[in-house]
Amino acid sequence: MSDGSSFYITTPIFYVNDVPHIGHAYTEVAVDVLARWHRQRGDDTWLLTGTDEHGQKILRTATANGVSPKEWADRLVETAWKPLLETVNIANDDFIRTTDERHERNAQKFLQHLYDAGHIYTGEYEGYYCVGCEEYKQTTDLVDGTGEYAGQPVCAIHSKPVELLHEKNYFFRMSAFADELLALYEANPNFIQPESARNEVISFVKSGLSDLSISRSSFDWGIKVPWDETHVVYVWFDALLNYITAIGYGEDEDTFNSRWPATHVVGKDILRFHAVIWPAMLLAASVPVPKQIFGHGWLLVGGEKMSKSKLTGIAPSQITDTFGSDAFRYYFMRAISFGQDGSFSWEDLSARYQSELANGFGNLASRVIAMVVRYCDGVIPTAGPLSERDAAIHATELRATDAAGEAIDRLAIHEALTAVWELVDELNGYLTLEEPWSLAKDPAKRERLETVLATAVRGLGTLAVLLSPVVPLATAKLWTALGGTGVVTDQRIDQASEWTGSGRVAPLEALFPRIEATVEAAAAVPAAPAVTAVPVTEPHNA
RNA sequence: GGGGCGGUAGCUCAGCUGGUUAGAGCAGCGGACUCAUAAUCCGUCGGUCCCGGGUUCAAGUCCCGGUCGCCCUACCA
């Protein structure tokens with residue numbers, strides 16, 4: 001687990017037409033925390049994210065805005081999606097766009113490969129098409145018409161007649177892989193996690209797989225099907241391939257082999273694409289399947305799934321403008337069991353910011369450093385003989401380090417934080433019991449004072465190392481204040497308590513300053529939309 | 001219609017294969033302390049474990065029924 005092995009992790013790629021909300025940021029942060037953790041463990045880590053830019057919807061909005069689809073995508077990537085990564089401080093190693101040449105070229109290679117191997121056939125798709133919806137409807141989406149349309153099926157949404165259309169399509173023989181997939185799920189219980197996600201996928205596949213239409217000819221904004229340029233590749237088929245085209249599939253075997261297979265973290269709404277279609281595609285192409293697919297839960301606002309249409313969508317910057325990116329990252333990682341749905345509320349966010357970050361961790365850093373400055377002129381003292389309590393702190397450092405690392409291996413980010421926070425709480429309690437401010441008044445207790453402060457400083461440095469993946473800005477400041485060697489992100493997280501430094505501390509500003517008046521403003525104003533349905537500002541597309 | 005998940009203190013949630021007085025954090029209340037971001041530490045209040053049956057020496061924990069919420073999936077006419 002710390003042998004420099006490869007760790008390749010991905011986020012889903014953003015559909016550029018969406019408006020960034022905290023759900024997108026949540027996924028990014030989770031993946032980023034895992035990636036940072038692995039980097040600090042010495043693993044050869046690679047974090048990929050990017051954008052999904054093809055498809056009819058994008059073509060349509062681009063046209064409506066009077067620009068080409070590529071121009072439209074360029075604009076959204078630059079104004080919305082790359083800024084989102086900045087907003088929540090994502091340290092990605094690559095950013096792939098499905099319009100990148102490297103992607104298009106190698107996605108075509110992949111497709112041609114499947115075609116040559118006989119996994120693709122020509123079929124005909126017949127279905128009812130609703131012009132209003134601009135999509136094929138299932139018969140269950142249709143209702144009997146009334147009035148002038150009596151007797152014919154109409155779209156349940158538009159109440160207008162649908163057209164029966166035939167379209168030639170290329171189909172991927174996905175049905176042939178059902179047994180192989182089930183065997184895969186069976187043989188590797190961790191392939192799909194958490195358990196609830198795994199069960200759902202298994203029961204879905206057991207109920208039978210149908211073949212997948214993978215091309216469209218009614219519009220042309222997509223990757224051309226290599227043997228038939230009148231067709232473009234179905235957007236999901238195209239999008240999934242980003243995970244391999246980004247690391248050299250088709251043209252750089254060495255790089256590809258050194259990174260693949262990946263850990264895919266996705267929202268549970270797109271789990272099936274990743275846990276069924278994607279592995280089937282890879283099996284067909286004789287490419288190893290992913291290491292793991294993890295489906296996380298949804299963010300609930302006011303008890304409902306957060307959504308733009310319900311006006312509960314929240315822009316990440318609404319949170320980070322007030323609380324900062326560290327608090328955003330910490331809050332969502334700590335408050336929500338990764339894998340389950342989680343409730344978001346401004347009240348909970350500001351409560352946790354105050355009690356856990358400001359009063360718990362931030363204040364601990366302040367008081368320890370202040371005492372070293374005050375009682376030892378900023379020189380970190382050397383510990384003398386250790387008391388039972390001192391030893392207990394050291395034991396907790398080791399226990400937290402191990403427990404957190406083990407939790408990260410299970411992608412239980414929230415548990416990792418819980419484990420680390422035991423050290424925060426114990427250190428605060430330790431100081432209260434040892435009362436270094438009292439020891440300082442008695443010269444005869446000098447050695448004891450120094451031992452206590454040395455122990456506290458050591459614990460604080462351990463926290464800086466352990467929390468660096470989650471709150472990188474605060475821990476960098478803390479690291480500097482502690483006189484830590486090099487940068488904190490280079491410190492081995494699996495040996496967090498073995499950190500070294502110059503032996504001097506520097507003054508430290510409050511890591512998480514209290515947010516007094518602004519808390520009320522933040523809690524009151526942005527919370528309003530969920531209750532009173534005030535529209536959330538959407539800065540980009542109409 | 002089938003299938004799955006969930007309904008535990010004011011809030012957010014733990015409670016594995018059933019076993020002593022049902023737990024945590026936050027909020028509330030009381031106290032201690034002063035190094036620190038009026039922060040920290042200690043104590044304390046607080047629950048018909050959705051409802052009704054059943055199995056058992058014993059059920060939040062298993063079974064049946066009901067109810068509410070969510071998710072997946074499928075429709076007969």
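Author: A helix in this text is a DSSP run of H or I with at least four residues, numbered from the N terminus. The model discussed here is predicted.

Reader: In which helix does Leu431 lie, and is Leu431 buried or exposed?
Author: Leu431 belongs to helix α15. Its relative accessibility is 0%, and since buried means under 20%, Leu431 counts as buried.

Reader: How far apart in space, C-alpha to C-alpha, are Leu431 and Val368?
Author: Val368 is one of the residues that Leu431 touches once residues up to four places away in sequence are set aside, and Leu364, Arg367, Met371, Pro436, Trp437, Val452 and Ala456 are the others. Although Leu431 and Val368 are 63 residues apart in sequence, their C-alpha atoms are separated by 8.7 Å.

Reader: Which domains does the assignment of chain A give, and how far apart do their C-alpha centres lie?
Author: The domain assignment divides chain A into domain 1 (6-315) and domain 2 (346-498). Contact between them involves 14 residues of domain 1 and 21 residues of domain 2. The C-alpha centres of domain 1 and domain 2 are separated by 43 Å.

Reader: Where does the second largest pocket lie with respect to domain 1 and domain 2?
Author: The volume of this second largest pocket is about 460 Å³, and its lining holds 22 residues, with Gln292, Ile408, Asp409, Arg410 and Leu411 nearest its centre. Two or more lining residues come from each of β1 (6-10), β16 (292-296), α14 (388-409) and α15 (413-434). Because domain 1 (6-315) and domain 2 (346-498) both contribute to the lining, the second largest pocket lies between them.

Reader: How many residues in the lining of the second largest pocket are charged?
Author: The lining of the second largest pocket can be divided by residue class, with 8 nonpolar and 8 polar residues. The remaining class in that lining is the charged one, and its count is 6.

Reader: Is Leu411, a residue with positive phi, buried or exposed?
Author: Leu411 is placed in the loop between α14 and α15, and its phi is positive, about 60°, although Leu411 is not a glycine. Asp377, in the loop between α13 and α14, likewise has a positive phi, near 55°, and is exposed with a relative accessible area of 61%. Leu411, by contrast, has 4% relative accessibility and therefore counts as buried.

Reader: Why is α1 described as largely enclosed by the rest of the structure?
Author: Helix α1 (residues 22-39) reaches 25 Å from its first C-alpha to its last, close to the 26 Å expected at 1.5 Å a residue. The buried residues of α18 pack against α1, and also against α12 (325-335), α13 (346-376) and α17 (446-467). The description of α1 as largely enclosed rests on the number of its residues that are buried, namely 17 of the 18.

Reader: Which peptide bonds are cis, going into Pro194 and Pro261?
Author: Pro194 sits in the loop between β10 (192-193) and α6 (195-206), and omega for the bond that leads into Pro194 is about -5°. Pro261 sits in the loop between α9 (253-259) and β15 (263-267), with omega near 5° for the bond from the preceding tryptophan. The cis bonds asked about are thus named by their residue pairs: Gln193 to Pro194 and Trp260 to Pro261.

Terms used:
Residues numbered from 1 in each chain as written. Chains lettered and ligands numbered in written order. Predicted model: local features only at pLDDT ≥ 70, side-chain atom pairs only at ≥ 80, totals over all residues. Heavy atoms only, no water. 1 Å grid on protein atoms, 1.4 Å probe; cavity = no way out; pocket = protein on both sides within 12 Å on 5 of 7 lines; lining within 4 Å. Points joined across faces, edges and corners; volume = space filled by probe spheres on them. Nonpolar A, V, L, I, M, F, W, Y, C, P; charged D, E, K, R; others polar. Domains from an automatic or database assignment. Expected span 1.5 Å × (residues − 1). Buried < 20%, exposed > 50% of the residue type's maximum accessible area, 1.4 Å probe, protein only. Contact = heavy atoms within 4.5 Å.
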